[in-house]
Amino acid sequence: MITGTENAIRLKTGKETLLVQAWGRGLRVRAVPFGSIPEEPWALTEPVCAENVRIEVPAAGETGDAFIENSGIRCTVSAYGHLSFTCNGKLLTEEELSPP
């Protein structure tokens, strides 16, 4: 299930939690295999300006990709946790999909 807030998207699959947050002029990605993502910012203390952040998540009960974009950098997250990163429409990197 993918959910969104004003500056992050969160994906929970089984016991894993993935969090992609707007941070400064970029994105921060964190994941844990069990439990919750810690709330501490650790070394990243730069405030986030929410006006530069765009988030789109599927409506409740629907499947599909979600994305978060901050200052031209976009992370698209599939319902299966596949991540791809673009900057102003140009692919930067993406995970390789494992064959079924």
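The following exercises, with worked solutions, concern a predicted model.

**Exercise 1. Strand order and edges**

Determine the order of the strands in the open sheet, and explain why one side of each edge strand is left without a neighbour.

Solution.
Step 1. The open sheet contains 4 strands, arranged as β1-β2-β3-β4 with antiparallel pairing.
Step 2. The edge positions are taken by β1 (2–4) and β4 (26–32). Each of these has a single partner strand, so one of its sides lacks a neighbour in the sheet.
Step 3. On average, and with direction ignored, neighbouring strands of this sheet are turned by 15° against each other.

**Exercise 2. Two hairpins**

For the pairs β1/β2 and β2/β3, state how many bridges join the strands and how many residues lie between them.

Solution.
Step 1. Strands β1 and β2 pair in the antiparallel sense over 3 bridges. One residue pair is I2 with its bridge partner L11 in β2. The two strands form a hairpin with 3 residues between them.
Step 2. Strand β2 (residues 8–13) pairs with strand β3 (residues 16–23) over 6 bridges, again in the antiparallel sense. Within β3, L19 is the bridge partner of R10, and E16 stands opposite T13.
Step 3. The hairpin of β2 and β3 has 2 residues between its strands, and G14 in the turn has a positive phi of about 60°.

**Exercise 3. The environment of T17**

Decide whether T17 is buried or exposed, and identify the side chain with which its own side chain makes a polar contact.

Solution.
Step 1. Residue T17 lies in strand β3.
Step 2. The relative accessible area of T17 is 1%. Buried means under 20%, so T17 is buried.
Step 3. The side chain of T17 makes a polar contact with that of K12, at 3.4 Å.
Step 4. Leaving aside residues up to four places away in sequence, T17 touches R10, L11, K12, R30, A31, V32, G35 and I37.

**Exercise 4. Positive phi outside glycine**

Locate S71 and N88, give the phi of each, and classify their accessibility.

Solution.
Step 1. Residue S71 lies in the loop between β6 (66–70) and β7 (73–77). Its phi is near 55°, a positive value in a residue other than glycine.
Step 2. The relative accessibility of S71 is 38%, so S71 counts as partly exposed.
Step 3. Residue N88 lies in the loop between β8 (83–87) and β9 (90–94). Although N88 is not a glycine, it has a positive phi of about 50°.
Step 4. The relative accessibility of N88 is 68%. Exposed means over 50%, so N88 counts as exposed.

How values were computed: Residues numbered from 1 in each chain as written. Predicted model: local features only at pLDDT ≥ 70, side-chain atom pairs only at ≥ 80, totals over all residues. Heavy atoms only, no water. Pairing = 2+ DSSP bridges. Axes fitted to C-alpha atoms, helices over the stretch in contact; angles between N-to-C directions. Buried < 20%, exposed > 50% of the residue type's maximum accessible area, 1.4 Å probe, protein only. Polar contact = N/O pair within 3.5 Å; in protein donor to acceptor, adjacent residues only side chain to side chain. Contact = heavy atoms within 4.5 Å.
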